[in-house]
Amino acid sequence: MRAALRLSPLTSALFVPAGNTKLLDSASAKRVPAVIVDLEDAIPPQEKERARSGLAADIARLRAGIGHISVRINKPWMLLFPDLEAAVAAGADAIMVPKVERESDVRIVAEILDALSPSGPQVIVSQIESSLGLLRMPRIAQTRPDRHAALMLGPEDLALELGAVSTPEVMTAHAQSLITAARSGGLMAIGSPGSIAEITDMESYKRQLEAGKRMGFDAVVAIHPKQLGAIDAIFRPSDAEIAEARAVVQGDRDNKGRPFTLAGRMVDAPIVARARKLLVRCGQLAPEI
């Protein structure tokens, strides 16, 4: 099974710093769709070891209220190895790897997961946060599809390296390139064409999310709980979208795969495929493996 299928029902997730019991308990109480326990940017260097040692307790706190838990590990290899071991031992569902720049980054993490958890569910999400990562995305995306589930745009670090600002005007081209690369490897695309840090001008943030959905992004990660409402409102399929998708799939069955009309428009194979994808993500149709 492709790893992306294990992640595909998710449309949003919330970053929470490792060891922050107040924010962990808040996320669990609010039953947010998914949480990413962050060992990387949210934890200063002198506290990395403490955060790692408390990871099992963090994930245990979340399990009562959260269905999907990821861990963002650190990239320097001497930190990555113990982080990865701790995340698997704690029962993480996915591993987010920051600053992925080459195929070997994914391959090594996947091989460690194979050794630590041969039949385990852990999948890999690769954050693309540098110019080198951008250039190598197509090859990165096609590495270990059995473990590799998604590419995620890291706009703030990417803008820093480029000497740019993470506005939609700057990030749109990079976002589209990431989506194209992700699709070439059968992966999900996570992010939006702009900053992840906007928590004040929510109308601007919503426009950014809407643009991302039109481009083809599958999900967005929030850094603040107030972003989740906007993300879910835009990315979670509505009842009307689900009903339309079911009608398209049923029409395809009734017409034995031939083009047909529905509500005044022609329906052919790409539209049927899009409807099937939506229903798979909602758990209303079994994936074609």
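**Exercise 1. The pair Lys99 and Asp157**

In this predicted model, work out what joins the side chains of Lys99 and Asp157, and where in the chain the two residues lie.

*Solution.* Begin with the distance: the side chains of Lys99 and Asp157 meet in a salt bridge, with N and O 3.6 Å apart, and this falls inside the cut-off, which asks for a Lys or Arg nitrogen within 4 Å of a carboxyl oxygen of Asp or Glu. Next, place the partners: Lys99 sits in the loop between E4 and helix H6 (103-116), whereas Asp157 belongs to helix H9, so that the pair links distant parts of the chain, 58 residues apart. Then turn to accessibility, where buried means under 20% and exposed over 50%. Lys99 has a relative accessibility of 31% and therefore counts as partly exposed, and Asp157, at 23%, is also partly exposed. Finally, look for further partners: Lys99 and Asp157 belong to a network of salt bridges that also links Asp38, Glu40, Asp41 and Arg72.

**Exercise 2. Two further salt bridges**

The search of the whole structure finds 20 salt bridges; for the pairs Asp114 with Arg147 and Arg265 with Glu244, determine which parts of the chain are tied together and whether each residue is buried or partly exposed.

*Solution.* As a starting point, side chains of opposite charge can pair when their charged atoms come close.

- Step 1: Asp114 and Arg147 meet through their side chains at 3.1 Å, N to O. Because Asp114 lies in helix H6 and Arg147 in the loop between helix H8 (137-141) and E6, this pair ties together parts that are 33 residues apart in sequence.
- Step 2: the accessibilities of this pair fall into two classes, since Arg147 is buried at a relative accessible area of 3%, while Asp114, at 29%, counts as partly exposed.
- Step 3: in the other pair, the closest N and O atoms of Arg265 and Glu244 are 2.6 Å apart. Arg265 lies in strand E10 (residues 265-267) and Glu244 in helix H13 (residues 239-254), so the bridge ties together parts 21 residues apart in sequence.
- Step 4: Arg265 has a relative accessible area of 36% and is partly exposed, and Glu244, at 38%, is likewise partly exposed.

**Exercise 3. Enclosed space**

How many cavities of 30 Å³ or more does the structure hold, and which residues and elements line them?

*Solution.* The principle is that rolling a probe the size of a water molecule over the atoms shows where empty space is left. The search finds two cavities of 30 Å³ or more. The largest encloses about 140 Å³ of space, and 17 residues line it, with Leu7, Leu10, Ala13, Ile190 and Val221 nearest its centre. Strands E1 (12-17), E2 (34-38), E3 (68-72), E4 (94-97), E7 (188-190) and E8 (220-222) each give two or more residues to this lining. Sorted by class, the lining of the largest cavity comprises 13 nonpolar, four polar and no charged residues.

The second largest cavity holds about 80 Å³, and the residues lining it include Met152, Leu153, Tyr205, Gln208, Val220 and Val221. Two or more of its lining residues come from each of strand E6 (148-153), helix H11 (202-215) and E8. Its classes are seven nonpolar, five polar and no charged residues.

**Exercise 4. An open pocket**

Describe the second largest pocket by its volume, its central residues and the classes of its lining.

*Solution.* About 200 Å³ of space lies in the second largest pocket. It is lined by 15 residues, among which Phe15, Asp41, Arg72, Ile196 and Ile223 are the closest to its centre. E6 and helix H9 (155-162) each supply at least two lining residues, and H9 contributes the most, with three. By class, this lining divides into seven nonpolar, two polar and six charged residues. Two of the central residues, Asp41 and Arg72, recur in the salt-bridge network of Exercise 1.

**Exercise 5. A nonpolar patch on the surface**

Which residues make up the nonpolar patch that contains Phe81, and how much accessible area do they have together?

*Solution.* The patch consists of Met78, Phe81 and Ile108, which together have about 310 Å² of accessible area on the surface. Phe81 is placed in helix H5 (residues 77-90). At 37% relative accessibility, Phe81 counts as partly exposed, and Phe81 therefore passes the patch cut-off of over 30% relative accessible area.

Conventions:
Residues are numbered from 1 along each chain as its sequence is written. This is a predicted model: local features need pLDDT of at least 70, side-chain atom pairs count only at pLDDT 80 or more; totals for chains, interfaces and linings use all residues. Side-chain values use heavy atoms; hydrogens and water are left out. Patches are made of residues with over 30% relative accessible area and no salt bridge: like charges are joined within 9 Å, nonpolar side chains (Val, Leu, Ile, Met, Phe, Trp, Tyr) within 5 Å. Accessible areas come from the Shrake-Rupley method with a 1.4 Å probe; for residues, only the protein chains shown count as cover. Helices (H or I, at least four residues) and strands (E, at least two) are DSSP runs, numbered from the N terminus. Buried means under 20% relative accessible area, exposed over 50%, partly exposed in between (1.4 Å probe, protein chains only). On a 1 Å grid over the protein atoms alone, a cavity is a set of points where a 1.4 Å probe fits but cannot get out, and a pocket is an open set with protein on both sides within 12 Å along at least five of seven lines; lining residues have an atom within 4 Å of a point. Grid points are joined across faces, edges and corners, and a volume is the space filled by probe spheres set on the points. Ala, Val, Leu, Ile, Met, Phe, Trp, Tyr, Cys and Pro count as nonpolar, Asp, Glu, Lys and Arg as charged, and the others, Gly among them, as polar.
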